[in-house]
Amino acid sequence: MSQAPQLQGWEHIYSGKVRDLYVPAGPDAAQDRVLVVASDRISAYDHVLSSTIPDKGRILTQLSLWWFEQLENIPNHVISADEGVPAEVAGRAMICKKLAMYPVEAIARGYLTGSGLLEYKDSQTVCDVPLPAGLVDGSRLEPAIFTPSAKAEVGEHDENINYDAVVAAVGAETAATIRTLTLEIYTTAEAIARERGIILADTKVEFGLDPATGLVTLGDEVLTPDSSRFWDASLYEPGQAQPSFDKQYVRDWLTSPESGWDKASDTPPPALPADVVERTRARYVDAYERLTGKTFV
C-alpha cells in the first residue's frame, strides 16, 4: 500500500483501502474534525493493488461532494473541501466532522445482483428479507430493500446481517433512522441517476453520531462507483450480469488467464497492465461526467 502523505498541521491516524485519515496536529488543535484524503489506490477481492488509478481520488471526492449537495436534507459530515485543506491534497480531500461511526454498512438494493443474488438463489431472501419467486440477475426490486452488513477489518469480507442484528448493534431507534435514511438516499439518487441514463442498482453508505448535534449523520463517501453499482440504462437486460461503472475491468482482468492470479490463494494480485488502468480510469470519469453533467479536468 502506498504511504499516506505527510501534511503540515495534520497527524496521520489511519489508512483504509482507499482513504487516509488525519486529525489536527498539536496539543491545542481542535479535536472535533478529521481530514479525509482519497488516494488513487484501488482494491479488488479484498486486496489493495500495487497499481493505482490516476485521478481516482479526485474523481471520487468531487462526485461525493456533488451528491452531498443533491442530498441536502440528509445531515452529512462535510465542513469544507476548500478552506483549510492542504494544497498537496487539494481536490481529493475534505475536512469533516469527527463522527462516532456505527459498526454497520448501510446498504440499499433496488436490483437483485451480486451477493444478494447468491443468497436469493439459496433461500429466496436477502438479509432475511423475503422476495418474490422467479427473480433473476438484474431484476428490479420494488420497493428497494435495506440489506445491511457488518463492517470488516481491512482484508476481510463484510458479512451480510439482518435488521435484528443492526438493532442489537446500535439500538432500535438508531437502527430505524439508519434504515429510513439509507432508503431515502437510494430513492433520491436512483431517480437522479435514471434521468441521466444510469441505473443505480445498489449503494452502501455509512453513518455516525455527530456529538455536536446528536443527529445520525452521513459520513465517508456517498454514491461513488466504489460504493455503488451503476449500470448503463441503455444496456440493461435482466437475466445476466450488467456492465457497470466501477472496477469491472480490474476484476475481469484479475480473474482472467492473462493475469495468472488465483484469487483463492494468499498471493497478492499482480500489477495491472496500462490498458486496464486507463480503461478503469475512463469508467470512473464517465460516471462522474454523466451523473454531474460536468467535465472532469
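Author: Helices here are DSSP runs of H or I with at least four residues, strands are DSSP runs of E with at least two, and both are numbered from the N terminus. The model is predicted, so local features need pLDDT of at least 70 and side-chain atom pairs count only at pLDDT 80 or more, while totals for chains, interfaces and linings use all residues. Residues are numbered from 1 along each chain as its sequence is written, and side-chain values use heavy atoms, with hydrogens and water left out.

Reader: Which residue follows α4?

Author: Helix α4 covers residues 172-195. The residue that follows α4 has a positive phi, near 80°. That residue is glycine 197.

Reader: How far apart are the end C-alpha atoms of α4?

Author: The expected span of a helix is 1.5 Å times one less than its number of residues. For the 24 residues of α4 this gives 34 Å, and the computed separation agrees with it. The end C-alpha atoms of α4 are apart by 35 Å.

Reader: Which residues have the most contacts inside the largest nonpolar core?

Author: A nonpolar core is a set of buried Ala, Val, Leu, Ile, Met, Phe, Trp, Tyr and Cys residues joined through side-chain atoms within 4.5 Å; buried means under 20% relative accessible area, exposed over 50% and partly exposed in between, with a 1.4 Å probe and protein chains only. The largest core has 61 residues, and helix α4 gives the most to this core, with eight. The residues with the most contacts inside the core are Trp67, Phe207, Leu218 and Leu272.

Reader: Which residues does leucine 218 contact, beyond its neighbours within four places in sequence?

Author: Contact means heavy atoms within 4.5 Å. Among the partners of leucine 218 are Phe68, Leu71, Ile74 and Pro75. Others on its list include Leu99, Ile185, Val205 and Phe207.

Reader: Is isoleucine 107 buried or exposed?

Author: Isoleucine 107 sits in strand β9, residues 104-111. Not counting residues up to four places away in sequence, isoleucine 107 touches Ile145, Phe146, Thr147, Pro148, Ser149, Thr182, Thr203 and Lys204. Its relative accessibility is 12%, so isoleucine 107 counts as buried.

Reader: What distance separates the C-alpha atoms of isoleucine 107 and glutamate 206?

Author: Along the chain, isoleucine 107 and glutamate 206 are 99 residues apart. In space, their C-alpha atoms are separated by 8.7 Å.

Reader: What is the volume of the largest cavity?

Author: On a 1 Å grid over the protein atoms alone, a cavity is a set of points where a 1.4 Å probe fits but cannot get out, and lining residues have an atom within 4 Å of a point. Points are joined across faces, edges and corners, and a volume is the space filled by probe spheres set on them. One cavity of 30 Å³ or more is counted. The largest cavity holds about 50 Å³.

Reader: Which elements each supply at least two residues of the lining of the largest cavity?

Author: The lining includes Val36, Val37, Leu60 and Ser64. It divides into five nonpolar, two polar and four charged residues, where Ala, Val, Leu, Ile, Met, Phe, Trp, Tyr, Cys and Pro are nonpolar, Asp, Glu, Lys and Arg charged, and the others, Gly among them, polar. The elements that each supply at least two are β3 (33-38) and α1 (56-70).

Reader: Which residue is joined to glutamate 142 by a cis peptide bond?

Author: The omega of this bond is about 0°. The partner of glutamate 142 lies in strand β12, residues 140-146. The partner is proline 143.

Notes
On a 1 Å grid over the protein atoms alone, a cavity is a set of points where a 1.4 Å probe fits but cannot get out, and a pocket is an open set with protein on both sides within 12 Å along at least five of seven lines; lining residues have an atom within 4 Å of a point.
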